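Open the model in your viewer and keep the sequence panel beside it. The stops below are given as selections.

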Amino acid sequence: EQGHDVLFVETGNFLGTHLMQLLRGPGRRSMARRLFTGEQVAPRVTVRKALKILPWGQRYRISGLVNARASGWLVARVARRLRSPRVTWLYDPTATWAIGRTGDSFAVYDCVDAYQEQASGDRNRRIVADGDLRAARMSRLVFTTSGPLYERHSQANPRTHLVRNVGDFDHFAPGVDRNLAPSDLRRLARPVIGFAGNFLPGKVDLDLVDGLAA
């Protein structure tokens, strides 16, 4: 909205997984664009896929290193189209390979979770924890969403700031208007609790939700 171009790099799955989706899955045109040319998802916002050409990149360091080199090459090539000054903004702590590859003026690490707590297995957890610390040290600024994250990262980077999670009140406020709800939801007994987010065991206490429902 302020006139900046954004290159959003999705650092998710192994390349082979994406190629399988190209062959058999829905949304293959979108996937092809994100892999090969970039997909414009909004004005001035382009999405590309990182080049994770080897599997198990967050389990084996050699795979992670190869993927980092390939993804860094891709980002460096694509980012030449962006105007200066450029800022590298990290959410993925294992994506420090992007810092310095865009001709960036500086990097920001936006730490919104204790990522290593969501990692599966000790090996993965160590790699994510190492990346988390490296991202804090390599960035000019660090933003954290909770007190414990702030305390941890401020030891690695004195330019760490606590910026708590918020909600878009104007967007969610109409949800309390029963007249806007589908008929089956309008018939539910009060109180009704709404939830927006990833409904996964690693992020939500499902036993607590079950207890509340009971």
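The tour goes from a sheet to its helices, then to a strand and a surface patch.

This is a predicted model, in which local features need pLDDT of at least 70, side-chain atom pairs count only at pLDDT 80 or more, and totals for chains, interfaces and linings use all residues. Residues are numbered from 1 along each chain as its sequence is written, and side-chain values use heavy atoms, leaving out hydrogens and water.

Select the open sheet of 3 strands, ordered β1-β3-β2 with mixed pairing. Strands here are DSSP runs (E, at least two residues), helices likewise (H or I, at least four), numbered from the N terminus; two strands pair if DSSP finds at least two bridges between them. β1 (6-10) and β2 (39-42) are the edges, each with a single partner strand, so one side of each has no neighbour in the sheet. β1 and β3 run parallel and are joined by 5 bridges. Pick Phe 8: opposite this residue stands Val 47 in β3.

Next select α2 (residues 28-36), which lies across β1, β2 and β3 and runs at about 85° to β3. Angles run from 0 to 180 degrees between N-to-C directions, with axes fitted to C-alpha atoms, for helices over the stretch in contact (heavy atoms within 4.5 Å).

Move to β5 (residues 106-111). Of its 6 residues, 5 are buried (under 20% relative accessible area, 1.4 Å probe, protein chains only), so the strand is largely enclosed by the rest of the structure. β5 pairs in the parallel sense with β4 (residues 87-90) over 4 bridges, and with β6 (residues 141-144), also parallel, over 4 bridges.

Finish at Trp 56, in the loop between β3 (45-49) and α3 (61-79).

Conventions: Buried < 20%, exposed > 50% of the residue type's maximum accessible area, 1.4 Å probe, protein only.
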